[in-house]
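Thank you for making the time this morning. I would like to walk through one structure, going from single residues to the pocket and the core, and I will put the sequence and the coordinates up before I begin.

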Amino acid sequence: MKAETQHFIINYNEEDKDCVDNVAGILESCYNRIAMNFEQKLDGKLIVEIYASLKELHLALGFPDAPDWIRGGLGFGKIIIASPLNPPPGSGYSNVVNTAVHEFIHIILNKINNNIPRWIDDGVASFEAKDNNEVWIKNTIKRGIEENAIPLFNDLDTGDDFETFFKRNGYQYSYSIIEFVVKEFGYEKLLHFIKSPRDFEVAFGLTEDQLRDKWVDYLRDNYR
């Protein structure tokens, strides 16, 4: 079955018809904001595929042995997500719906620069989509502060290795980095940084170490 909106085409099976309006609605409601903040638009309608079965989801993503926590990804230029009506372990309905936005952000970022560190790519996607549990993020960072275990940016640059990124709490920490950058510097400088992700001093007027120190101070002020 298929549902079509101004910017998206959603393919789904009969058992998922009750969530399609939510998925379409959240994508369309954020489209203009994202297009404005990142100065990019889709070239055509973006296809979204919903899979009720985790096994089918993993096969569609090309990772038949993917971990069960995976909610979605990109495949051949399409957004592929689990069914919000059958969320993966550790996720809820809204997490999966917002995962569609997370993957949409990846497509927009790829149009700007297809070679950015994973922590920028997933940090921006997680921050804009709000697809992860806020308590999970806060508890992870609070523990990191208490244990003096806040990672370096390079620790979170795991390339295509999403499992190591997950194990290093990359989603939580990268979310907080982008939150800090947006609040401290704004979207214009974030966009410059996405275009030139090694240019810390040009984007922010700070070295990499100085930016990290300011981020850690931000965490201590806001996540204790």
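In which strand is Lys 78 found? Lys 78 belongs to strand β5, which covers residues 78-82, and I should say at once that everything I describe comes from a predicted model. With a relative accessibility of 22%, Lys 78 counts as partly exposed, because that class begins where the buried class, under 20%, ends. Leaving out residues up to four places away in sequence, Lys 78 touches Ile 47, Glu 49 and Gly 73, and with Glu 49 there is a polar contact between the two side chains, at 2.8 Å. For a sense of distance across the model, the C-alpha atoms of Lys 78 and Val 181 are separated by 29 Å, while along the chain these two residues are 103 residues apart.

Let me set beside that another pair, this time involving Tyr 187, which sits in helix α8, residues 187-195. Tyr 187 and Asn 37 are 150 residues apart in sequence, yet their C-alpha atoms are 6.4 Å apart in space. Apart from residues up to four places away in sequence, the residues that Tyr 187 touches are Asn 37, Phe 38, Phe 127, Glu 128 and Val 182, and the side chain of Tyr 187 makes a polar contact with the side chain of Glu 128 at 2.5 Å. Tyr 187 is also partly exposed, at 22% relative accessibility.

Phe 38, one of those partners of Tyr 187, brings me to the nonpolar interior. As a general remark, nonpolar side chains in soluble globular proteins tend to be buried together. Here the largest nonpolar core has 65 residues, and those that touch the most other members are Phe 38, Phe 104, Trp 119, Val 124, Ile 194 and Trp 215. Helix α1, residues 17-38, supplies the largest share of this core, 10 residues. A second core, separate from this one, has 9 residues, among them Leu 54, Leu 57, Leu 61 and Phe 162. Returning to Trp 215, and not counting residues up to four places away in sequence, its contacts are Ile 150, Pro 151, Phe 153, Tyr 173, Ser 176, Ile 177 and Phe 180.

Now to the open space in the model. Which residues lie nearest the centre of the largest pocket? They are Glu 103, His 106, Arg 118, Asp 122 and Tyr 171, out of a lining of 41 residues, and the volume of this pocket is about 1,200 Å³. Two or more lining residues come from each of β4 (72-75), α3 (93-112), α4 (118-129) and α6 (162-167), with α3 giving the largest share, 8 residues. Sorted by class, the lining holds 16 nonpolar, 16 polar and 9 charged residues.

Helix α3 also contains Asn 95, whose relative accessibility of 15% places it in the buried class, since that class is anything under 20%. The side chain of Asn 95 reaches the backbone nitrogen of Gly 92 at 2.7 Å, and, with neighbours within four places in sequence set aside, Asn 95 is in contact with Arg 71, Asp 131, Asn 132 and Asn 133.

A second buried polar residue to look at is His 58, in helix α2, residues 54-61. The relative accessible area of His 58 is 4%, and beyond residues up to four places away in sequence, His 58 touches Phe 63, Pro 64, Ala 66, Pro 67, Asp 68 and Ile 70.

I will finish with backbone geometry. Most residues other than glycine have a negative phi, and against that background two residues deserve a careful look. Glu 39, in the loop between α1 and β3 (46-51), has a positive phi, near 55 degrees, and Glu 39 counts as exposed because its relative accessible area is 56%, over the 50% limit. Lys 130, in the loop between α4 and α5 (134-146), likewise has a positive phi, about 50 degrees, although it is not a glycine. Is Lys 130 buried or partly exposed? At 42% relative accessibility, Lys 130 counts as partly exposed.

Definitions and conventions: Residues are numbered from 1 along each chain as its sequence is written. This is a predicted model: local features need pLDDT of at least 70, side-chain atom pairs count only at pLDDT 80 or more; totals for chains, interfaces and linings use all residues. Side-chain values use heavy atoms; hydrogens and water are left out. On a 1 Å grid over the protein atoms alone, a cavity is a set of points where a 1.4 Å probe fits but cannot get out, and a pocket is an open set with protein on both sides within 12 Å along at least five of seven lines; lining residues have an atom within 4 Å of a point. Grid points are joined across faces, edges and corners, and a volume is the space filled by probe spheres set on the points. Helices (H or I, at least four residues) and strands (E, at least two) are DSSP runs, numbered from the N terminus. Buried means under 20% relative accessible area, exposed over 50%, partly exposed in between (1.4 Å probe, protein chains only). Contact means heavy atoms within 4.5 Å. A polar contact is a pair of N or O atoms within 3.5 Å; within protein, one must be able to donate a hydrogen and the other to accept it, and residues adjacent in sequence count only if both atoms are side-chain atoms. A nonpolar core is a set of buried Ala, Val, Leu, Ile, Met, Phe, Trp, Tyr and Cys residues joined through side-chain atoms within 4.5 Å.
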